[in-house]
Amino acid sequence: MSTAQTMKKLVSGVVLDLDGTLLNTDGIVKEILKVFLVKYGKQWDGREALKIVGKTPFESAAVIVEDYGLPCATEEFISEITPMFSDQWCKIKALPGANRLIKHLRCHEVPVALASNSPKANIETKISYHQGWKETFSVIIGGDEVRIGKPSPEIFLEGANKLKIEPSALLVIEDSVPGVAAGKAAGMEVVAVPSLPKQNHLYTSADEVINSLLDLRPEKWGLPPFQDWIEGTLPIEPWHIGGPVIKGFGRGSKVLGIPTANLSTEGYSDLVSEHPSGVYFGWAGLSTRGIYKMAMSIGWNPFFDNKEKTIEPWLLHKFDEDFYGEELRLVIVGYIRPEANFPSLESLVAKIHEDGDIAAKALDLPLYTKYRDDPYLKMS
């Protein structure tokens with residue numbers, strides 16, 4: 001990896017944000033607000049997502065009260081909604097790559113601080129549901145332990161102070177614009193992992209912007225590299241998705257010369273939203289034909305400018321005819337790369353073929369071959 005060789009800057013410790021960076025808090029927030037706003041005859045439409053990411057709980061509440069014209073004070077709104085959140089904290093999932101990163105830092109004894117705008121008691125409750133997290137953080141700082149939350153650098157400087165490491169020797173990993181601003185103001189190196197799609201232009205002050213934690217290359221910062229990539233692929237916790245093949249955009253074969261089978265994401269939108277956009281691979285079962293190797297993209301398809309996340313599996317096999325309407329089942333076992341923009345159709349096609357070759361080769365490794373026998377793929 002040539003980029004990995006170009007060292008950005010040596011750091012000796014890491015400061016992590018929690019909500020949106022390690023935990024998929026946004027999903028829970030959305031669910032709770034949907035239910036809560038109905039009480040006031042309002043409908044959550046997600047437009048506030050941009051305004052509340054990375055804000056302190058009080059600021060987020062104020063935005064919602066004002067934008068929806070709720071007939072209550074911010075304090076009242078907080079006291080009503082807080083118990084609803086407390087009930088849900090046990091359900092917040094770790095974001096893809098979070099457990100891997102935390103385990104990696106712990107194994108290599110890298111000093112780690114957790115710095116979040118949430119109150120410290122909430123942070124401790126949230127992380128208690130995730131094995132091995134508490135032991136990894138030698139320092140935990142909540143928004144209620146500083147005078148002003150992010151984008152003020154205070155919370156990060158306090159973290160540096162407690163870790164006893166110079167701010168310039170720390171790497172911050174953040175998902176929000178206020179968090180990135182706080183890290184830079186503290187004089188730290190910052191990797192942004194934007195939690196909202198298509199907002200990369202807002203993160204220009206970060207030292208690096210990555211699509212998800214799966215794409216973090218610690219060696220760029222002088223930290224121990226991950227050792228789990230195998231022949232250009234990263235094994236992931238397998239997941240399943242299936243449904244009838246729909247006509248889709250028809251551009252797979254016509255424009256790209258690559259027959260992609262479009263899968264309806266109906267009923268799966270939550271599952272799809274949990275996984276970062278990018279290129280994955282695994283095994284595909286077609287009800288009447290058998291089991292095949294497949295590569296697949298999840299994403300917003302920047303080249304065609306799709307408006308929502310789609311899944312496009314590409315079965316690595318020459319078929320004589322279309323199989324629209326047939327039941328297709330997938331087990332996704334590994335990750336290849338983040339989604340990218342391509343300057344031309346030729347470069348996009350070349351990259352897709354390269355992805356296909358990587359997937360086909362990797363699926364011969366015993367590590368991945370075993371999933372060919374996944375009962376989910378075998379339809380009666």
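Visitor: How many bridges join strand β10 to β11?

Guide: Let's begin with the general idea. Strands of a sheet pair through backbone hydrogen bonds, either parallel or antiparallel. In this predicted model, strand β10 (residues 290-299) and β11 run antiparallel and are joined by six bridges. For one pair to look at, find M296, which stands opposite P313 in β11.

Visitor: In what order do the strands of that open sheet lie?

Guide: The order is β8-β7-β12-β9-β10-β11, an open sheet of six strands with antiparallel pairing. Its edge strands are β8 (262-263) and β11 (310-315), each of which pairs on one side only.

Visitor: Which helix lies across β9, β10, β11 and β12?

Guide: That is helix α13 (residues 345-362), running at about 100° to β12 (327-337).

Visitor: Let me pick a residue in an edge strand. Is I311 buried or exposed?

Guide: A residue counts as buried when its relative accessible area is under 20%. I311 lies in strand β11 and has a value of 1%, so I311 is buried. Leaving out residues up to four places away in sequence, I311 touches W239, I241, N262, L263, T265, V272, M296, S297 and I298. You met M296 a moment ago, opposite P313.

Visitor: And G285, where is its place?

Guide: G285 belongs to strand β9 (residues 278-286). With a relative accessible area of 0%, G285 is buried. Apart from neighbours within four places in sequence, its contacts are G290, I291, E327, L328, R329, L377 and M379.

Visitor: R329 is on that list. Over which ring does its charged end sit?

Guide: The ring is that of Y376, and the charged end of R329 is 4.9 Å from its centre. Another case to look for is R217, which lies over the face of W229 at 4.7 Å from the ring centre.

Visitor: What about rings with rings? How many aromatic pairs does the count come to?

Guide: The count comes to seven aromatic pairs, taking rings whose centres lie within 6.5 Å. Ring pairs also link F36, Y40 and F77 into a cluster.

Visitor: Now for the parallel case. What is the order of the strands in the open sheet with parallel pairing?

Guide: This open sheet of six strands reads β3-β2-β1-β4-β5-β6. β3 (139-141) and β6 (208-209) stand at the edges with a single partner strand each, so one side of each has no neighbour in the sheet. Helix α7 (residues 120-128) packs on this sheet, touching β2 (112-115) and β3, and its direction makes about 125° with that of β3.

Visitor: How many bridges do β1 and β4 pair over?

Guide: Strand β1 (residues 13-16) and strand β4 (residues 170-174) pair in the parallel sense over four bridges. Follow L16: it stands opposite I173 in β4, and L16 also stands opposite L114 in β2. β1 and β2 are parallel too, over three bridges. From β2 you can step on to β3, as three bridges join these parallel strands, and the bridge partner of L114 in β3 is I140.

Visitor: Which residues of β2 are buried on its two faces?

Guide: V112 and L114 are buried on one side, and A113 and A115 on the other, so both faces of β2 are covered.

Visitor: Where does D17 lie?

Guide: D17 lies in the loop between β1 and α2 (25-38). D17 is buried, with a relative accessible area of 6%. Its side chain makes a polar contact with the side chain of T21, at 2.8 Å. Beyond neighbours within four places in sequence, the contacts of D17 include L114, A115, I173 and E174.

Visitor: Finally, how do I read a helix? Which residues of α10 are buried?

Guide: An α-helix has 3.6 residues a turn, so residues three or four places apart point the same way. In helix α10 (residues 177-185), the buried residues are P178, G179, V180, A182 and G183. What covers them includes α9 (154-163), β4 and β5 (189-192).

Visitor: What caps the N-terminal end of α10?

Guide: S176 does, with a side-chain oxygen 3.1 Å from the backbone nitrogen of G179. Just after α10, look for G187, which takes a positive phi of about 80°.

Terms used
Residues numbered from 1 in each chain as written. Predicted model: local features only at pLDDT ≥ 70, side-chain atom pairs only at ≥ 80, totals over all residues. Heavy atoms only, no water. Pairing = 2+ DSSP bridges. Contact = heavy atoms within 4.5 Å. Axes fitted to C-alpha atoms, helices over the stretch in contact; angles between N-to-C directions. Phe/Tyr/Trp six-rings, centres within 6.5 Å; stacked < 30°, edge-to-face > 60°. Lys NZ or Arg CZ within 6 Å of the ring centre and 35° of its normal. Buried < 20%, exposed > 50% of the residue type's maximum accessible area, 1.4 Å probe, protein only. Polar contact = N/O pair within 3.5 Å; in protein donor to acceptor, adjacent residues only side chain to side chain.
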